[in-house]
Amino acid sequence: RRVREAVVSTQSTGKAASDKKTRALRAIKRRELVKRTAKYYKEYAAAEREEIRLDREAKATGNYYVPAEAKLAFVIRLRGENNIPPKPRKIMKLLRLRQINYGVFVKLNKSCKEMLRIAEPYIAYGYPNLKTVRELSYKRGFGKVNGQRMHINDTSVIEESL
């Protein structure tokens, strides 16, 4: 009986030590994440201020400032399967918009813009900001990890798969 208690007590102290280590590692990782996030926010704020500065500068000299085109779009399917011509139907299949109210993020290049133009009567799209992207990906986002579809609820899922 005493031997068993001794074994249990050594196991529990070992478990407590490993628990402390994991907590410490998590805290360190969390601090790094907070620093990285702050750096990104600073970057985005600086880019936004630069856009405003360039716009004001152009107005002051009597010119027009044309901002850079968006690189990312969020596309939502509005119509069902019925009465859709084959070409827009195929485009929506390529964009993984299989059902009504499905949404995907699309990298905007020449071919994607052309596809969006063809399928425009059946879809809606816009250019999201950082906050919208974050909210959508955490609330409804899925990614592939080891060939399986995993819900993205925090950055650890993405970190592990990279």
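Tyr-40 is partly exposed, with 41% relative accessible area. The model described here is a predicted one. Tyr-40 belongs to helix α1, and two features of the surface involve this residue.

**The patch around Tyr-40**

Together with Tyr-41, Tyr-44 and Leu-130, Tyr-40 makes a nonpolar surface patch of about 410 Å². Which element gives the most to the nonpolar patch? Helix α1, spanning residues 2-60, does so with 3 residues. A charge also lies at the ring of Tyr-40: the charged end of Lys-39 sits over this ring, 5.5 Å from its centre.

**Aromatic pairs**

A pair of aromatic rings is described by the distance of the centres and the angle of the planes. Searching the whole structure gives 2 aromatic pairs. One of them is formed by Phe-74 and Phe-105, with 4.9 Å centre to centre and 55 degrees between the planes, and is tilted. Phe-74 lies in strand β1 (residues 72-77) and Phe-105 in strand β2 (residues 103-107), so this pair ties together parts that are 31 residues apart in sequence. Is Phe-74 buried or exposed? Phe-74 counts as buried because its relative accessibility is 17%, under the 20% limit for that class. Phe-105, at 31% relative accessibility, counts as partly exposed.

The rings of Tyr-125 and Tyr-127 also pair, with their centres 6.3 Å apart. Their planes stand at 75 degrees, so the pair is edge-to-face; the cut-off for that class is over 60 degrees. Tyr-125 is partly exposed at 32% relative accessibility, whereas Tyr-127 is exposed at 53%.

**The β4-β5 hairpin and its surroundings**

Strand β4 (residues 142-145) and strand β5 (residues 148-151) run antiparallel and are joined by 4 bridges. Within this pairing, Gly-143 stands opposite Met-150 in β5. The hairpin has 2 residues between the strands, and Asn-146 takes a positive phi near 55 degrees there. The charged end of Arg-149 sits over the ring of Phe-142, 3.8 Å from the ring centre.

Two C-alpha distances relate this region to helices α4 and α5. Lys-139 lies in helix α4, which covers residues 130-140, and counts as exposed at 60% relative accessibility. The C-alpha atom of Lys-139 is separated by 7.9 Å from that of Ile-152, with the two residues 13 apart along the chain. Ile-158 has its place in helix α5, residues 155-161, and is partly exposed at 36% relative accessibility. Between the C-alpha atoms of Ile-158 and Val-145, 13 residues apart along the chain, the separation is 8.4 Å.

**Salt bridges**

How many salt bridges does the count come to? The count is 8. The table lists some of them, each with the distance between nitrogen and oxygen.

| Basic residue | Acidic residue | N to O distance |
|---|---|---|
| Lys-113 | Glu-69 | 2.4 Å |
| Arg-89 | Glu-81 | 3.8 Å |
| Arg-117 | Glu-114 | 2.5 Å |

In the salt bridge of Lys-113 with Glu-69, the closest N and O atoms are 2.4 Å apart. This pair links distant parts of the chain, with Lys-113 in helix α3 (residues 110-118) and Glu-69 in the loop between α1 and β1, 44 residues apart. Lys-113 is partly exposed, its relative accessible area being 36%, whereas Glu-69 is exposed at 58%.

Arg-89 and Glu-81 form a salt bridge whose closest N and O atoms are 3.8 Å apart; the cut-off is within 4 Å. Arg-89 is partly exposed with a relative accessible area of 37%, and Glu-81 is partly exposed with 40%.

The side chains of Arg-117 and Glu-114 meet at 2.5 Å, N to O. Because these residues are 3 apart in helix α3, about one helical turn separates Arg-117 from Glu-114. Glu-114 is partly exposed, with 36% relative accessible area. Elsewhere, Glu-50, Arg-53 and Glu-57 are joined into one network by salt bridges that share partners.

Conventions:
Residues are numbered from 1 along each chain as its sequence is written. This is a predicted model: local features need pLDDT of at least 70, side-chain atom pairs count only at pLDDT 80 or more; totals for chains, interfaces and linings use all residues. Side-chain values use heavy atoms; hydrogens and water are left out. Patches are made of residues with over 30% relative accessible area and no salt bridge: like charges are joined within 9 Å, nonpolar side chains (Val, Leu, Ile, Met, Phe, Trp, Tyr) within 5 Å. Accessible areas come from the Shrake-Rupley method with a 1.4 Å probe; for residues, only the protein chains shown count as cover. Buried means under 20% relative accessible area, exposed over 50%, partly exposed in between (1.4 Å probe, protein chains only). Rings of Phe, Tyr and Trp (its six-membered ring) pair if their centres lie within 6.5 Å; planes under 30 degrees apart count as stacked, over 60 as edge-to-face and the rest as tilted. A charge sits over a ring if NZ of Lys or CZ of Arg is within 6 Å of the ring centre and within 35 degrees of the ring normal. Two strands pair if DSSP finds at least two bridges between them.
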